[in-house]
Amino acid sequence: LAETEAPELWRMVRDVAETIETRPVNAIRITHGADLAVYERGSFRQKMSDSAERILIIGTAVLNGFDKNAFRAVLAHEYGHFSNRDTAGGDIAFRVNTDILRTADSMAAGGTATFYNLGFQFLRLFHFLFRRITQGASRLQEVLADRVAAYHFGARAFRDGLNHVIRRELEFHHVADKEISSALG
């Protein structure tokens with residue numbers, strides 16, 4: 001989304017970044033769904049030095065009826081991920097999990113995924129512990145981003161914003177499922 005297409009949105013996004021005291025996004029991507037998220041694109045070095053491209057994803061389905069202050073609070077939550085450096089190395093855990101699953105699949109395909117194979121049992125235990133730790137870390141990242149939003153824009157605005165996003169996502173999926181069903185049947 002070019003700034004000339006939505007100057008007020010870009011202004012709001014930059015104002016929230018200034019309030020949070022973090023660098024604003026470089027790009028806004030519009031999707032057809034009810035998405036609202038951020039990510040960084042760049043090399044590992046760029047991400048670690050906080051110079052990677054920052055991207056905000058906004059789904060059109062989430063925009064209708066979104067109170068401006070609630071929207072700012074949800075944006076603050078997303079910026080909180082940048083401030084806390086959550087997006088800098090998040091793909092590492094994903095890659096490790098993928099590698100563990102590929103190894104387990106290979107062992108199963110080769111017939112070595114047995115109760116008696118200590119290597120396979122170690123892999124199972126390691127994967128269980130890895131998921132517990134990374135899920136706990138992910139939840140902590142969300143809580144810390146929540147705190148940023150509530151601190152800067154108030155708990156009520158943040159609650160209203162989250163409720164709006166969740167409601168719109170449920171509505172979008174309901175309507176989409178209904179349309180797909182009627183098209184198929």
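The following paragraphs describe a three-stranded sheet, two helix packings and three individual residues in a predicted model.

A convenient place to begin is the sheet. Three strands, in the order E1-E3-E2, make up an open sheet with mixed pairing. The edges are taken by strand E1 (27–31) and strand E2 (36–41); each has a single partner strand, so one side of each is left without a neighbour in the sheet. On average, and with direction ignored, neighbouring strands of this sheet are turned by 25° against each other.

The mixed character can be followed pair by pair. E1 and E3 run parallel and are joined by five bridges, whereas E2 and strand E3 (residues 53–59) pair in the antiparallel sense over six bridges. Within the parallel pair, arginine 29 has isoleucine 57 of E3 as its bridge partner. Isoleucine 57 also appears in the pairing with E2, where alanine 37 stands opposite this residue of E3. Two further positions help to trace the antiparallel pair: leucine 36 stands opposite isoleucine 58 in E3, and arginine 41 has glutamate 53 of E3 as its bridge partner.

Helix H1 joins the picture here, as it packs on the sheet and touches E1 and E3. The direction of H1 makes about 120° with that of E1.

The strands can also be read by their exposure. E3 is mostly covered, with six of its seven residues buried. In E2, the covered face consists of Leu36, Val38 and Glu40, while Ala37, Tyr39 and Arg41 form the uncovered one. Such a pattern is easy to place alongside a general rule: in a regular strand the side chains alternate between the two faces of the sheet.

Attention now turns to the helices. Two packed helices are described by the angle between their axes and the distance between the axes. For helix H1 (residues 7–20) and helix H4 (residues 68–83), the angle is about 55° and the axes are 9 Å apart. That angle makes H1 oblique to H4, and H1 passes H4 in a right-handed crossing. On the H1 side, the contact is made by Glu8, Leu9, Met12, Val13, Val16, Ala17 and Ile20. The residues contributed by H4 are Lys68, Phe71, Arg72, Leu75, Ala76, Tyr79 and Ser83. By type, the residues of this contact between H1 and H4 divide into ten nonpolar, one polar and three charged.

H4 also packs with helix H7 (residues 155–184), here at an angle of about 90° and with the axes 7 Å apart. H4 and H7 are therefore roughly perpendicular to each other. Their contact is made by Asn69, Ala70, Ala73, Val74 and His77 of H4, together with Ala157, Phe158, Asp160, Gly161, Leu162 and Val165 of H7. These residues of the contact of H4 with H7 divide into seven nonpolar, three polar and one charged.

Two residues of the H4 and H7 contact, His77 and Phe158, return in the surroundings of aspartate 146. This aspartate is found in helix H6 (residues 118–153). With a relative accessible area of 18%, aspartate 146 is buried, because the cut-off for that class is under 20%. Leaving aside neighbours within four places in sequence, aspartate 146 is in contact with His77, Arg139 and Phe158.

Two further residues round out the description. Glutamate 21 is found in the loop between H1 and E1. The phi of glutamate 21 is positive, at about 65°, although this residue is not a glycine. Glutamate 21 counts as exposed, because its relative accessibility is 73% and the class covers values over 50%.

Isoleucine 92, for its part, lies in helix H5 (residues 90–109). At 42% relative accessibility, isoleucine 92 counts as partly exposed. Isoleucine 92 and tyrosine 116 are separated by 24 residues in sequence and by 31 Å in space, C-alpha to C-alpha.

How values were computed. Residues are numbered from 1 along each chain as its sequence is written. This is a predicted model: local features need pLDDT of at least 70, side-chain atom pairs count only at pLDDT 80 or more; totals for chains, interfaces and linings use all residues. Side-chain values use heavy atoms; hydrogens and water are left out. Helices (H or I, at least four residues) and strands (E, at least two) are DSSP runs, numbered from the N terminus. Buried means under 20% relative accessible area, exposed over 50%, partly exposed in between (1.4 Å probe, protein chains only). Contact means heavy atoms within 4.5 Å. Axes are lines fitted to C-alpha atoms, for helices over the stretch in contact, and angles run from 0 to 180 degrees between N-to-C directions. Angles under 35 degrees count as roughly parallel, over 145 as roughly antiparallel, 65 to 115 as roughly perpendicular and the rest as oblique. A crossing is left-handed if the near helix is turned anticlockwise from the far one by less than a right angle, and right-handed if clockwise. Ala, Val, Leu, Ile, Met, Phe, Trp, Tyr, Cys and Pro count as nonpolar, Asp, Glu, Lys and Arg as charged, and the others, Gly among them, as polar. Two strands pair if DSSP finds at least two bridges between them.
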